[in-house]
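Reader: I would like the reasoning behind each label, step by step. Could you show the model and then take my questions?

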Amino acid sequence: MQKIKKQIRLLMEENDKLREELARAYGQAGDSTPAREGLKNLWDLYQQGFHICNVHFGRIRTTECLFCEAFWDREREGGR
Ligand SMILES: [Zn+2]
């Protein structure tokens, strides 16, 4: 039990960090200039199994997520 609680706390701390990271990436992506660095970070997170959509934002992704895919498609095309 104790171990699980610790695990959860670690995950939540990690989540906070990711949210900050994502918030920064989103902030940059909101401008007209594409945030290459931010996009790469998002892609890394996505590959590591985290949500990059603003619906589940930084949570662990256990299944395919339509929001993430839609978000990613839009971001990629936004780079033009
Ligand atoms: Zn998602």
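Author: What follows is a set of short questions and answers on this predicted model.

Reader: What makes His51, Cys53, Cys65 and Cys68 the residues that coordinate the zinc ion?

Author: Distance decides. A donor is an N, O or S atom within 2.8 Å of the metal. ND1 of His51 and the SG atoms of Cys53, Cys65 and Cys68 lie at 2.0 to 2.4 Å. These atoms therefore count as donors.

Reader: Why is the site of the zinc ion called tetrahedral?

Author: Four donors earn that word if all angles lie between 85 and 135 degrees. The angles among the 4 donor atoms here are 100 to 119°. So the site is tetrahedral. The ideal angle for four tetrahedral donors is 109.5 degrees.

Reader: What spacing do the donors of the zinc ion follow along the chain?

Author: The pattern is H-x1-C-x11-C-x2-C. Cys53 and Cys65 are 12 residues apart, and the pair links distant parts of the chain. Both sit in the loop between α2 (36–47) and α3 (66–78).

Reader: How many disulfides does the structure hold?

Author: The count is 0. A disulfide needs two cysteine sulfur atoms within 2.5 Å of each other.

Reader: How do you know whether His51, a zinc ligand, is buried or exposed?

Author: The cut-off for buried is under 20% relative accessible area. His51 has 8%, so His51 is buried. Cys65, with 6%, is buried too. Cys68 is at 0% and also counts as buried. Cys53 is buried as well.

Reader: Where is His51, and which residues is His51 in contact with beyond its neighbours within four places in sequence?

Author: His51 is in the loop between α2 and α3. Its contacts include Leu22, Phe57, Arg59, Arg61, Cys65 and Cys68.

Reader: What is notable about the phi of Phe57?

Author: The value is near 20°, which is positive, and the residue is not glycine. Most residues other than glycine have a negative phi. Phe57 is found in the loop between α2 and α3. At a relative accessible area of 16%, Phe57 falls under the 20% cut-off, so Phe57 is buried.

Reader: Why is the pair of Trp43 and Trp72 called stacked?

Author: Two tests apply. Ring centres must lie within 6.5 Å, and the planes must be under 30 degrees apart. Trp43 and Trp72 are 4.9 Å centre to centre, with 20° between the planes. The pair is therefore stacked. By the pairing rule, the structure has 2 aromatic pairs.

Reader: Which parts does the pair of Trp43 and Trp72 tie together?

Author: Trp43 lies in helix α2 and Trp72 in helix α3, so the pair joins parts 29 residues apart in sequence. Trp43, Tyr46 and Trp72 form one aromatic cluster.

Reader: Why do Trp43 and Trp72 get their burial labels?

Author: Trp72 has 11%, under the 20% limit, so Trp72 is buried. Trp43 has 32%, between 20% and 50%, so Trp43 is partly exposed.

Reader: What makes you say that Arg61 lies over the face of Tyr46?

Author: The charge must be within 6 Å of the ring centre and within 35 degrees of the ring normal. Arg61 lies over the face of Tyr46 at 4.1 Å from the ring centre.

Reader: Why is Asp16 called partly exposed?

Author: Asp16 has 46% relative accessibility, between the 20% and 50% limits, so Asp16 is partly exposed. Asp16 is found in helix α1 (residues 2–30). Asp16 and Arg59 are 43 residues apart in sequence, and 9.8 Å apart in space, C-alpha to C-alpha.

Key: Residues numbered from 1 in each chain as written. Predicted model: local features only at pLDDT ≥ 70, side-chain atom pairs only at ≥ 80, totals over all residues. Heavy atoms only, no water. Donors = N, O, S within 2.8 Å, 3.2 Å for Na, K, Ca; no water. Tetrahedral: all angles 85-135°; square planar, octahedral: opposite > 155°, others 65-115°. Helix = DSSP H or I, 4+ residues; strand = E, 2+ residues; numbered from the N terminus. Buried < 20%, exposed > 50% of the residue type's maximum accessible area, 1.4 Å probe, protein only. Contact = heavy atoms within 4.5 Å. Phe/Tyr/Trp six-rings, centres within 6.5 Å; stacked < 30°, edge-to-face > 60°.
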